[in-house]
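User: I would like to go through this model step by step, with each answer argued from the geometry. Please begin once the structure is on display.

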Amino acid sequence: MRRFVSNLANKMVQIIDIGANLTDPMYQGIYGGSTKHVPDLSNVLNRGWTGGLDRIIVTVGTLTDCEPTFDIVKNDARLYATVGCHPTRCGEFVIDPESYYTALCRQIVEHRDKVVAIGECGLDYDRLHFCEKDIQKRYFEKQLDLAEKYDLPLFLHCRNAHDDFVEILFRNLARLPRRGVVHSFDGTLAAAEQLIASGFYIGLNGCSLKTEENLAVAASVPEEWIMVETDSPWCEIRPSHAGSKHVQTKFPVVKKKEKWEPTSLISGRCEPVMILQVLEVLAGVKGKSVPVLAAQYYSNTMKMFFPNEQAACREDVGTK
């Protein structure tokens with residue numbers, strides 16, 4: 001932990017985690033429906049802030065995620081959220097599409113100061129047993145209405161569906177005011193370049209850095225088009241992953257959930273503080289320093305999700 005604390009003390013890094021699933025039951029100590037330890041989200045967040053995180057964007061994947069999400073983010077100026085429906089949950093639209101859409105609108109309006117993106121939305125053809133293709137496509141496109149209506153960027157999901165994904169996106173480009181980011185990207189360099197050419201950022205986490213092919217893609221994506229995330233409690237960088245050889249920062253970890261300690265991470269459960277390891281892998285494959293990359297990715301994220309604040313900062317600098 002010594003190096004980790006040193007980074008904070010010297011203000012070497014300032015990071016935004018663009019995707020964390022903080023409403024997941026694991027942060028309440030519940031795994032597979034069984035309680036293993038006390039709720040510890042406060043510990044998880046404190047580790048993140050101590051580790052250099054400046055903000056966290058909490059991912060909403062369904063309408064029922066909204067209430068617990070806004071309970072988490074409402075009293076902390078460093079926490080924000082998306083609003084949308086994950087492709088595997090788009091079946092929830094079917095019973096009454098307009099009512100579901102209206103309910104999403106209501107959540108955005110009631111929490112407008114906290115909502116920074118529409119999503120998580122997109123297509124997932126790896127898990128069609130949850131929701132068939134036609135329903136996913138229909139309600140992915142319907143959620144683009146939200147981006148247009150509220151002038152918000154998109155927090156996008158694409159798994160094994162690139163051709164249909166870009167067909168829908170690109171057909172609607174003219175009405176998408178602020179584009180967005182394709183999170184947890186694990187596609188080809190050609191796919192990344194196609195998205196970047198249309199103004200979409202590439203979100204990278206541990207699942208984006210599993211294989212040597214993944215690392216080659218990440219190394220080639222321009223810095224000015226990358227954002228970083230954990231997708232916690234998922235997508236940790238495991239020892240078996242190709243990217244693990246570049247990880248420098250280690251954390252105290254308990255192997256069993258039942259042995260929970262307030263100061264330790266839990267094996268198999270990712271946390272926002274582990275975003276530093278994502279940065280270290282990217283630094284390793286790109287041959288650049290963590291602080292340099294962190295500064296660029298922070299600027300990219302501010303530009304997309306907090307443009308008014310970034311503009312105000314530039315005006316302040318200009319008057320000095």
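**Backbone, strands and rings**

Analyst: Asn-160 is located in the loop that connects E7 with helix H6 (162–171). The model under discussion is a predicted one.

User: Is Asn-160 buried or exposed?

Analyst: Asn-160 has a positive phi of about 55 degrees although it is not a glycine. Because exposed residues are those over 50% relative accessible area, and the value for Asn-160 is 58%, this residue is classed as exposed.

User: Is Ser-184 buried or exposed?

Analyst: Ser-184, placed in the loop between strand E8 (180–182) and helix H7 (189–197), is a residue other than glycine with a positive phi, near 50 degrees. Since its relative accessibility is 2% and the limit for burial is under 20%, Ser-184 counts as buried.

User: Which residue follows H2 with a positive phi?

Analyst: Helix H2, residues 41–50, is mostly covered, with seven of its ten residues buried. Those buried residues include Asn-43, Arg-47 and Trp-49. After H2 comes a residue whose phi is positive, near 105 degrees, and this is Gly-52.

User: How many bridges pair E6 with strand E7?

Analyst: Strand E6 spans residues 115–124, and ten of its ten residues are buried. On one side of the pairing list is strand E5 (residues 79–83), which runs parallel to E6 and is joined to it by three bridges, with Val-83 standing opposite Ile-118. Strand E7 (residues 154–159) also pairs with E6 in the parallel sense, and Asp-124 stands opposite Arg-159 there; the number of bridges between E6 and E7 is six.

User: What is the handedness of the β-α-β crossover from E6 to E7?

Analyst: E6 and E7 pair in the parallel sense. Between them the chain passes through helix H5 (residues 133–150), and the crossover made in this way is right-handed.

User: Which residue does the cis peptide bond from Gly-119 lead to?

Analyst: The peptide bond that starts at Gly-119 is cis, with omega near 15 degrees. The residue on its other side lies in strand E6, and that residue is Glu-120.

User: Which residue is joined to Ser-232 by a cis peptide bond?

Analyst: For this bond, omega is about 15 degrees. The partner of Ser-232 is found in the loop between E10 and E11, and the residue in question is Pro-233.

User: What kind of aromatic pair do Tyr-80 and Phe-306 form?

Analyst: By the ring-pair rule the model has five aromatic pairs, and in the one formed by Tyr-80 and Phe-306 the centres are 4.8 Å apart with 70 degrees between the planes. The pair links distant parts of the chain, 226 residues apart, with Tyr-80 in strand E5 and Phe-306 in the loop between helix H10 (290–305) and helix H11 (307–318). Both rings belong to buried residues, at 13% relative accessibility for Tyr-80 and 6% for Phe-306. Because planes over 60 degrees apart fall in that class, the pair is edge-to-face.

User: Which residue lies over the face of Phe-306?

Analyst: Phe-306 also takes part in the aromatic pair with Tyr-80. Over the face of Phe-306, at 4.5 Å from the ring centre, lies Arg-55.

User: Which residue forms one aromatic cluster with Phe-93 and Tyr-100?

Analyst: Phe-93 and Tyr-100 form a tilted pair, at 4.5 Å centre to centre and 50 degrees between the planes. Phe-93 is buried at a relative accessible area of 0%, and Tyr-100 is buried at 8%. The cluster that contains them both also contains Tyr-139.

User: Which residues touch the most other members of the largest nonpolar core?

Analyst: In soluble globular proteins, nonpolar side chains tend to be buried together. The largest nonpolar core here holds 81 residues, while a second, separate core of 15 residues includes Val-116, Phe-155, Tyr-298 and Met-302. Leaving aside neighbours within four places in sequence, Phe-165 is in contact with residues including Gly-122, Phe-140, Leu-156 and Leu-195. The residues in the largest core that touch the most other members are Phe-165 and Leu-169.

Technical notes:
Residues are numbered from 1 along each chain as its sequence is written. This is a predicted model: local features need pLDDT of at least 70, side-chain atom pairs count only at pLDDT 80 or more; totals for chains, interfaces and linings use all residues. Side-chain values use heavy atoms; hydrogens and water are left out. Buried means under 20% relative accessible area, exposed over 50%, partly exposed in between (1.4 Å probe, protein chains only). Helices (H or I, at least four residues) and strands (E, at least two) are DSSP runs, numbered from the N terminus. Two strands pair if DSSP finds at least two bridges between them. A crossover is right-handed if, with the strands pointing away from the viewer, the path from the first strand over the helix to the second runs clockwise. Rings of Phe, Tyr and Trp (its six-membered ring) pair if their centres lie within 6.5 Å; planes under 30 degrees apart count as stacked, over 60 as edge-to-face and the rest as tilted. A charge sits over a ring if NZ of Lys or CZ of Arg is within 6 Å of the ring centre and within 35 degrees of the ring normal. A nonpolar core is a set of buried Ala, Val, Leu, Ile, Met, Phe, Trp, Tyr and Cys residues joined through side-chain atoms within 4.5 Å. Contact means heavy atoms within 4.5 Å.
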